[in-house]
There are 2 protein chains.
Amino acid sequence: MKEGPDIAGIATLIGDPARANMLTALMSGKALTATELAAEAGVTAQTASGHLAKLSQGGLVQARKQGRHKYFALAHADVAATLEALMGLAAGQLRTRTGPRDAALREARVCYNHLAGRRGVQMFESLLAQEYLHEDGAVIRLTAAGDGFIREFGIDPDVMQSARAPLCRSCLDWSERRTHLAGSLGRAMLTRMEGLDWVRRDKDSRALLFDPDGVAAFDRVFHI
Amino acid sequence: MKEGPDIAGIATLIGDPARANMLTALMSGKALTATELAAEAGVTAQTASGHLAKLSQGGLVQARKQGRHKYFALAHADVAATLEALMGLAAGQLRTRTGPRDAALREARVCYNHLAGRRGVQMFESLLAQEYLHEDGAVIRLTAAGDGFIREFGIDPDVMQSARAPLCRSCLDWSERRTHLAGSLGRAMLTRMEGLDWVRRDKDSRALLFDPDGVAAFDRVFHI
DNA sequence: TAGATGCTTCGGTTATGATCGAACTATGAA
DNA sequence: TTCATAGTTCGATCATAACCGAAGCATCTA
């Protein structure tokens, strides 16, 4: 009867609204302090402290002390991917009270520091179509042409290779139900696009706001 | 603050131990009756009824009445994939009281009617290496050579094409942290291997038990 | 028809855990 | 040093929901 891992444990961990809000906030990829997360969840600092201890204990988030602040981030990219999967199930349900902000999130949003939503899927599929990326089993790798491409785009691939996180990873998009690019390359791509002023982050949500010129440039580079 | 879909809702749904046990039982892909699920969860029929109503309401399972029985199955392959992702997170935690049965599950198990575990990953990667399958973006398709292969293996591809479920799908394996084959082809492959007596299902768990001859044949066909 | 089985609804009990006020420690600023 | 801010621990309150007994409805068998 008791087969496999304790699935109910983590699901319970994610299932509390306050904790779910915290995790969702951390999906931006940014590390946040305990008080910031308390505000995000709409609870007092005491309550948040308890929640964060549980999330930490459960291996979903990782804490880092810095002076009198304590920063929290998602423990691993797998956590972000699982949260996206849960969002996919939730979005499948008619519980879609589609707000105006929701549309923006579907268009482009940040998912653990990389580009997600319609634009994220577009980029990923364009990179594959142009054979800058190649899927080899579950492994995605950069082709020789792709290496040249990202250099020209303004990213140094050698810097990233040294990082511990895998270069390329795929991540299932909850709104598109398709795959987008994650991993350190996904992160670098988004960072570079921010540097180019193609896109900027919304202050209050995970939405990414494209500049009109940015959209044009994006469509040119990542044509389908 | 309230961004995206209601993630806490489904997580709470999965988070109850009784419901989690039910869902895990349904990961076998078989439809089970309410009383069977009650036994699986270790609760009375009344309690199970309430749980199943909630799971149904939440879109995680689908009910089908047949005479005085009511059969339940996972609503969609996405649900199975999400559950596997959660298992991956749970397995990552040290909560690994690795029992003897656990080892069998890691070796080979059934995941929503298709082959998962070490053997599942082996099969998937072998099919890709032999170029019977091709990954094109997020889409996996059968190559011409693959079409010939599965015919020879004893599966009629035309029968499956008509099915509503996608032919090939990938599914992240919680124990291997890699991808294995799902979709109607994955299902057909497992069914065929059962027909060939290579493998049979354990009565009490999701484990798949390979016949010694079956292993040899499997390794021959799905070499790496 | 009567009896058995599968499933559901209702009501009451109980346990779990989320919440906050109050008091505490630790770090940084003045 | 003194004060303010960040975070934690403790204790008490309170709401939610899981659970089962009892009773009901529906379906199949004899």
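**Entry 1: DNA strand C**

I looked up which residues surround DNA strand C in this predicted model. There are 20 of them, and the nearest are A:Gln46, A:His51, A:Lys54, B:Thr35 and B:Ser49. Of the atoms of strand C that come within 4 Å of the protein, 72% belong to sugar and phosphate.

I then checked single contacts to strand C. The side chain of B:Ser49 has an N or O atom 2.7 Å from a phosphate oxygen. B:Ala34 uses a backbone N or O atom, 3.4 Å from a phosphate oxygen. For B:Arg68 I found a side-chain N or O atom 3.2 Å from a base oxygen.

Next I noted the elements that give two or more residues to this surface: α2 (17-26) and α4 (45-57) of chain A, and α3 (34-41), α4 (45-57) and β3 (69-74) of chain B. The most come from α4(A), with 4 residues. By type, I list 4 nonpolar, 10 polar and 6 charged residues.

**Entry 2: DNA strand D**

I repeated the search for DNA strand D. It has 20 residues around it, with A:Thr35, A:Ser49, B:Gln46, B:His51 and B:Lys54 nearest. Here sugar and phosphate make up 70% of the strand D atoms within 4 Å of the protein.

Three contacts to phosphate oxygens of strand D went into my notes. A:Thr35 places a polar side-chain atom at 2.4 Å, B:Lys54 places a polar side-chain atom at 2.7 Å, and A:Ala34 has a backbone N or O atom at 3.4 Å.

At least two residues each come from α3 (34-41), α4 and β3 (69-74) of chain A and from α2 (17-26) and α4 of chain B. I recorded α4(B) as the largest share, 4 residues. The surface near strand D holds 4 nonpolar, 10 polar and 6 charged residues.

Note on methods:
Residues are numbered from 1 along each chain as its sequence is written. Chains are lettered from A and ligands numbered from 1 in the order in which they are written. This is a predicted model: local features need pLDDT of at least 70, side-chain atom pairs count only at pLDDT 80 or more; totals for chains, interfaces and linings use all residues. Side-chain values use heavy atoms; hydrogens and water are left out. A residue is near a molecule or strand if one of its heavy atoms lies within 4 Å of it. A polar contact is a pair of N or O atoms within 3.5 Å; within protein, one must be able to donate a hydrogen and the other to accept it, and residues adjacent in sequence count only if both atoms are side-chain atoms. Ala, Val, Leu, Ile, Met, Phe, Trp, Tyr, Cys and Pro count as nonpolar, Asp, Glu, Lys and Arg as charged, and the others, Gly among them, as polar.
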